[in-house]
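Please open the model in your viewer, with a cartoon for the backbone and sticks ready for the side chains. The tour below goes from one selection to the next and says what is to be found at each stop.

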Amino acid sequence: MNDAALKMKLGDLAHIRAGHPFRGAVEAVPEGAVPVVQMKDILPGEGVDWSSAVRTELAGRKEPDWLSGGDLLFVSRGSRYFAVCVDSPPAPAVCGPHLFHLTVKARELLMPEFLAWVVGQGPVQRQLQQAASGSLQLSVTRQALEALEIPLPSLATQRVVTDLAAAAARERAVLTALIQNRELQLEALASALAAGQPMNLT
């Protein structure tokens, strides 16, 4: 079968549920046992910044939908819709109600890293833009998310694609660091010129 021929609905590939149903804002408890991942804690193309996640205590008897390594978090509001993979949480953690929590049903068919990548690509992004609704702020509903058509190539192809994406991310980080270093060098030269000091051009 041609790798590009198979497409499946996202709802058939992953369990999709809303984040933890907090009533109002998440109450910060400095010594709280549970980190809560919110939109501010998600780095597009990178993952979760656990150091910025608010800690709290959860009330109620119902067992929360804990985050696990390999789960995905989907940002469904704003002008950019994307998903990131969750690495191993530092403690039992949940996500806030403005995020969708996805768990791949069969990892022998779909790599979470590939799903996160493909959600950010043009064909799926166009589906998301068309499905977004709202008067004050556009958002994607759970039903629209479940209906997304996701290409499903072989696992071998998925690994190649995710390896390429990871390599591109590393290259982007290196180039960004080089640009920032060059800008700092130019700023130092400009300061030296303004102060009438000799410039170090080496």
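What follows is a walk through a predicted model, beginning with the chain as a whole and ending with charged pairs.

**The whole chain**

Select the protein chain and colour it by secondary structure, which comes to 5 helices and 11 strands. The radius of gyration is 21 Å, well over the 17 Å that the globule rule gives for 202 residues, so the chain is more spread out than a compact globule. If you orient the view along the principal axes, the C-alpha atoms fill a box of roughly 65 × 50 × 35 Å. With a surface switched on, about 12200 Å² of the chain is exposed, and carbon and sulfur atoms supply 55% of that area, while 35% of the 202 residues count as buried. Among contacts between residues at least 6 apart in sequence, 72% join residues at least 24 apart.

**The largest nonpolar core**

Next, show Leu10, Phe74, Leu115, Leu128 and Leu145 as sticks, because these are the residues with the most contacts inside the largest nonpolar core, which has 29 residues. Eight selections bring up the elements that give two or more residues to this core:

- the helices α1 (10-13), α2 (112-119), α3 (122-131) and α4 (142-146);
- the strands β2 (14-18), β7 (72-75), β8 (82-85) and β10 (99-104).

The largest share, 5 residues, comes from α2. Nonpolar side chains tend to be buried together in soluble globular proteins.

Keep α2 selected, since this helix is mostly covered, with 6 of its 8 residues buried. Those buried residues are Pro112, Phe114, Leu115, Ala116, Val118 and Val119. Now centre the view on Leu115: which residues does Leu115 contact, leaving aside its neighbours within four places in sequence? They are Leu10, Leu72, Val104, Leu110 and Ile150. Apart from this core lies another one, of 13 residues, and a selection of Val48, Val75, Val86 and Cys95 will show some of the residues in it.

**The hairpin of β7 and β8**

Move to β7 and β8, which pair in the antiparallel sense over 4 bridges. Within this pairing, Phe74 stands opposite Ala83 in β8. Turn on the side chains of β8, and you will find Phe82 and Val84 pointing one way and Ala83 and Cys85 the other way, with all of them buried. The hairpin has 6 residues between its strands, and Gly78 there takes a positive phi near 100°.

**Strand β3 and its two partners**

Select β3, residues 34-37, and look along the strand: Val34 and Val36 point one way, Pro35 and Val37 point the other way, and all are buried. Two strands pair with β3 and can be added to the selection in turn.

- β6 (residues 54-56) runs antiparallel to β3 and is joined to it by 3 bridges; here Val34 stands opposite Thr56.
- β9 (residues 94-95) runs parallel to β3 and is joined to it by 2 bridges; here the bridge partner of Val37 is Cys95.

**Charged pairs**

Finally, show the charged side chains. How many salt bridges does a search of the whole structure find? The search finds 4, and three of the pairs are worth displaying in turn. Side chains of opposite charge can pair when their charged atoms come close.

Begin with Lys9 and Glu149, whose closest N and O atoms are 3.8 Å apart. Lys9 lies in strand β1 (residues 7-9) and Glu149 in strand β11 (residues 149-151), so this pair ties together parts that are 140 residues apart in sequence. Lys9 is partly exposed, at a relative accessible area of 37%, and Glu149 is also partly exposed, at 36%.

Next, display Asp65 and Arg17, whose side chains meet in a salt bridge at 3.8 Å, N to O. Asp65 lies in the loop between β6 and β7 and Arg17 in strand β2, so this pair ties together parts that are 48 residues apart in sequence. Asp65 counts as partly exposed, at 41% relative accessibility.

Last, select Glu146 and Arg142, whose side chains meet at 3.3 Å, N to O. These two residues are 4 apart in helix α4, and are therefore separated by about one helical turn. Glu146 is partly exposed at 29% relative accessibility, and Arg142 is partly exposed at 39%.

Key: Residues numbered from 1 in each chain as written. Predicted model: local features only at pLDDT ≥ 70, side-chain atom pairs only at ≥ 80, totals over all residues. Heavy atoms only, no water. Core = buried A, V, L, I, M, F, W, Y, C linked by side-chain atoms within 4.5 Å. Buried < 20%, exposed > 50% of the residue type's maximum accessible area, 1.4 Å probe, protein only. Contact = heavy atoms within 4.5 Å. Pairing = 2+ DSSP bridges. Rg over C-alpha atoms; globule rule 2.2 N^0.38 Å. Areas by Shrake-Rupley, 256 points an atom, 1.4 Å probe, with all protein chains shown as cover.
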